[in-house]
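Morning, everyone. I have a few slides on pockets, cavities and some backbone details. Let's put the model up.

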Amino acid sequence: MLHALIALLVSLAVIASVECIVFNMPFWRTLGASTDTNAVHNALGSGLKRTDDGMLTVTDPTNAYLELTADGTSDFLRIDTVSEQTIAKARQEAHQQSEANGDTPVFSPLGTIHVRVDVNGSTGRTQSLAPGSERSHYLKATGSGIVRVWIQEECGAIVPISDARANVTVPFAISWARVGAMALVLLLIALWRPGSRLWKTTLNPASRRQRLALAGVLAIPTLVLGASIIWQMLYVTPLAFHTAGGYTYDFDQYAHVADSLIAGRPWLDLQVPSQLTQVDNPYDVATRLKLLHEGVSPLYWDYAYHDGHWYSYFGVVPAAVLFAPYRLLTGRILPTGAAEQFLVLLFIIFFTLLMLRVIHRVMPKTSLAAASLTVVSGLLGAQVGYVIYRTNFYQVPFAASLALTSLGLWLWLGADTSARPLLPSDRWHAGNAKPLSLPRLAAGALCIAANFGCRPTFTLAALLALPMFWPQIRAMITGLRQRSIRPVMAVRAPVAMIVPALAVVAPLMAWNKARFGSLFNFGNAYQFSVSDMTQYSTPAADMPYNVWYYLFLPPRFINRFPWLALSPAPLPQWGYYEVMVGALFTATPLMILALILPWLKQLEMHGMRPWLLGCLPLAAGLIVFDSAVGGLGWRYLIDFGWLAALAAIPGTLWLVNGREPSASLAGANDAASADGIAHVTPWRWLMRWTVLLLVLWTISIAILSCFVPGRDDALIANNPALWHDIQSWFSLL
């Protein structure tokens, strides 16, 4: 207890010192600043014009600068911006002007401003700031003499800057978010470091204390995502955007589908321009561009157009289960982001339970440290960071299928439970194989089949039933041959799985038939996208590149925040490509341990080996399928990342534990003392530190990727104040 108290006090002292000294070094360095200013307003270059509300308009980018004088007493200057009320008013006026002119683009005050500070003719580095982030207004400007602050924006840009001030003192500031981040890092290291209490405690799913602890851990994402969900339901408005001569972007696809279901029609109640119905081939990109140039609107981006109606080619199950009931109960549309985050929360809970069940089956005597490291790595490998960050309609089917598949497989793995059934008839027996719970088989099959109405590729998870239940299947076949089991009794388990699956899939097939005339046509070929999707297929020359990039695209690091950048993925021929920051095995390196699974023949897996091996060819098939049909897309990692996460479990446990622990947690072949816990071999100790550092690496990549400019839904565009707040933690050092 004393050691824990001392460690806590030392940690608090370290955090306080780093926060007050290191991160506030600009304050200490500028205490002697003169704070003198040579004019109320800066001199402006001929390329800037000051507006009546105090902002600046760029008229000539080659002469757009503010000029002032620095006396050398401070290495920083401050950019003053106009008030938030002034900016909000100007944006509202720009929006009204755009609407009055047929959605013609109109300049409004920038949310992110790019500037370059030159001191005495010495060219500085381009920096950015946000009006809503006060800390980002302080920029490095070392030296004395004439200072020019260049506004690096396009002609016509409205810049909400009033003036720049040299010779300033940077204020002392404590960021509680930064303090919390440092505390979290130290806490994770303390919990996961080799020798911690978690390494000395056996994972026991039956333990009431461990179940309560797990509930406490899962309460954290529940509270965070729950708060976000509630906020969105209260304040988020419909998201539809249009500019003259361009496509219409409507992000409430699922809400429109819900309205269609309630109205009893398969198509969406969205306007179809008469000119669109008259063209021979509306899917031809050149034809669509011609229509847009002629002012035809609306043409909905990424909606399916077929037979004179708009449709959504995304699975209907989320609309039927979430969006339609919400509409009926409240009369309002359910914000897509709220629904997506709810599904992500279910995925986090169900996939955590699934992984813990697999971990306990593979290595019953593993430690809480090994289990928790494996779960965190697995969640990140399954792309939980991506689906948490991006909350638009593209991620809804992925999040729904992740949740359904995790729950379905968890139920199936628990079907051979030894718990006493409520009814004896709930159990199915065949030979000497373990009995199975029919309700769990049925519920699991229903969940897996529901993927047909979410992300259909996830229905292939049904194939994992073959290796999972192979002992029972073999016993059933043998029993039928030997006539030791009646056919009526033998088919109870297959029927328990097939009937719920058909009950879900049959209506979904009918839904496809009603919309596109085919049971298996989801309408994705009719979407208005970057290409004519009725003709598009990935060029054969791109296929090996896509597969390589999905697995081994290296991260690209830079020397400024966020230190991580989009990684180039050149292709021999044009093909669909969504930029990424890394690949499955580079951004989540422990996933590569899935590849060694076939060679872990000496590792006792208690019957789980065939099932986990089945994950590998399924993942490989999905990689090839996504490469051929979808091209290269960050979100398509979700299709197979979860399979790699499951297949990597034995390798991760072997790395930190050695072979099957019999009497100790250290591994029978690695124990260096009688208890096998207090002392393990140096190699195993090193491996535990390695896994810990790799998990921290994976967490870092997932967090930093949220701040990468240029990615889809870039934070610097959607929330520039937050982006610049975090950037300022490091840019002033």
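Start with helix H21, which gives the most to the lining of the second largest pocket, with four residues. H21 spans 609-629, and strand E13 (248-250) and helix H13 (396-413) also supply at least two lining residues each. Helices here are DSSP runs of H or I with at least four residues, strands are E runs of at least two, and both are numbered from the N terminus.

Ground rules next. This is a predicted model, so local features need pLDDT of at least 70 and side-chain atom pairs need 80 or more, while totals for chains, interfaces and linings use all residues. Residues are numbered from 1 along each chain as its sequence is written, and side-chain values use heavy atoms, with hydrogens and water left out.

Back to that pocket. How much space lies in it? About 1,100 Å³. The lining has 38 residues, and Tyr-313, Tyr-394, Gln-527, Arg-635 and Tyr-636 lie nearest the centre. By class, that is 21 nonpolar, nine polar and eight charged. Nonpolar means Ala, Val, Leu, Ile, Met, Phe, Trp, Tyr, Cys and Pro; charged means Asp, Glu, Lys and Arg; the others, Gly among them, are polar.

You will want the definitions. We use a 1 Å grid over the protein atoms alone. A cavity is a set of points where a 1.4 Å probe fits but cannot get out; a pocket is an open set with protein on both sides within 12 Å along at least five of seven lines. Lining residues have an atom within 4 Å of a point. Points are joined across faces, edges and corners, and the volume is the space filled by probe spheres set on them.

Now the cavities. The whole structure has four of 30 Å³ or more. The largest holds about 180 Å³. Its lining counts 18 residues, with Gln-383, Ala-587, Trp-634, Ala-702 and Ser-705 nearest the centre. Helix H12 (384-389) and helix H24 (682-705) are the elements that give two or more residues to that lining. The split is 11 nonpolar, six polar and one charged.

The second largest cavity comes to about 60 Å³. Its lining includes Tyr-313, Phe-314, Trp-511 and Arg-515. Tyr-313 is also one of the residues nearest the centre of the second largest pocket. Seven of the cavity's lining residues are nonpolar, three polar and one charged.

On to the backbone. Which peptide bonds are cis? One joins Ser-297 and Pro-298, with omega about 5°. Another runs from Phe-561 to Pro-562, again with omega near 5°. Pro-298 sits in the loop between helix H8 (285-293) and strand E14 (304-306). Pro-562 sits in the loop between strand E18 (556-557) and strand E19 (564-565).

That H8 to E14 loop also holds Asp-302. Asp-302 has a positive phi, near 60°, and is not a glycine. Buried or exposed? Asp-302 is buried, because its relative accessibility is 5%; buried means under 20% relative accessible area, exposed over 50%, partly exposed in between, with a 1.4 Å probe and protein chains only.

Asn-167 also has a positive phi, about 60°. Asn-167 is buried too, at 3%.

Last, Leu-595. This residue is in the loop between helix H20 (584-587) and H21. Leu-595 counts as partly exposed because its relative accessible area is 40%. Leu-595 and Leu-616 are 21 residues apart in sequence and 8.0 Å apart in space, C-alpha to C-alpha.
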